[in-house]
Amino acid sequence: MTNSNLLLASLDDVLEQGERLLQGLSDSQYSRKIPEADGVSIGAHYRHSLEHFKLMFEAIQQSQIDYDRRARDASLENERLLALSLTRDFRHATRFLNPAQLDRVIEARCQTSYNDAASSTASSTFGREVMYTVFHAMHHYALIAMICRLRKLPVPQNFGMAPSTLQNQKRSASA
């Protein structure tokens, strides 16, 4: 599998993990604020990830991706079926991404300083931003998995685990 195809497959894989998570939760489990997790919900973490995916897909037609433009849409945080529908839309859109698009140069923008409100910018490629968005989702999925375990909620197998961690576990088990 080429690097571009592998990256697009990983995008679908992480979205499919999210789909499986949402199918296994009730609406109240998804939206309930968890005191042990600083009062955030599974939905808050999932919405955050979805909004990064949304910006990434919008960047297909743009010369810039601006992570500060997230909508922070509370409906995605509170309505599991809306989040599930958007996840499925993104999986569908992934099937139509052209691997050649991954090499396109774009500017990435994000506020990174705690002391200055200005955003930092860096030259990137669309493919690098796909990689970032996938890895960013894995990070939030790991937090979601911890919340699920705290609340004794179902967690799909390997949900929120980095592929490198899974490979390391396989190597360790066979050693």
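Aromatic pairs, then. This model, which is predicted, holds 6 of them.

Take Phe 53 and Phe 90. Their ring centres are 6.4 Å apart and the planes meet at 50°, so we call this pair tilted. For the cut-offs: over 60 degrees would be edge-to-face, under 30 would be stacked. Where do the two residues sit along the chain? Phe 53 is in helix α3, residues 42–58, and Phe 90 is in helix α5, residues 80–94. With the two positions 37 residues apart, the pair links distant parts of the chain.

Is Phe 53 buried or exposed? Its relative accessibility is 1%, so Phe 53 counts as buried, the limit being under 20%. Phe 90 has a relative accessible area of 7% and is buried as well.

Next, Tyr 67 and Tyr 132. This aromatic pair is edge-to-face, with 65° between the planes and 5.1 Å centre to centre. Again the contact joins distant parts of the chain, here 65 residues apart. Tyr 67 lies in the loop between β3 (64–66) and α4 (74–78), while Tyr 132 belongs to helix α6, residues 126–150.

How do these two stand on accessibility? Tyr 67 is buried, at 6% relative accessible area. Tyr 132 comes out at 28%; buried needs under 20% and exposed needs over 50%, so Tyr 132 is partly exposed.

Last item, the cluster. Which residues form it? Tyr 30, Tyr 46, Tyr 141 and Phe 159 make up one aromatic cluster.

Definitions and conventions
Residues are numbered from 1 along each chain as its sequence is written. This is a predicted model: local features need pLDDT of at least 70, side-chain atom pairs count only at pLDDT 80 or more; totals for chains, interfaces and linings use all residues. Side-chain values use heavy atoms; hydrogens and water are left out. Rings of Phe, Tyr and Trp (its six-membered ring) pair if their centres lie within 6.5 Å; planes under 30 degrees apart count as stacked, over 60 as edge-to-face and the rest as tilted. Helices (H or I, at least four residues) and strands (E, at least two) are DSSP runs, numbered from the N terminus. Buried means under 20% relative accessible area, exposed over 50%, partly exposed in between (1.4 Å probe, protein chains only).
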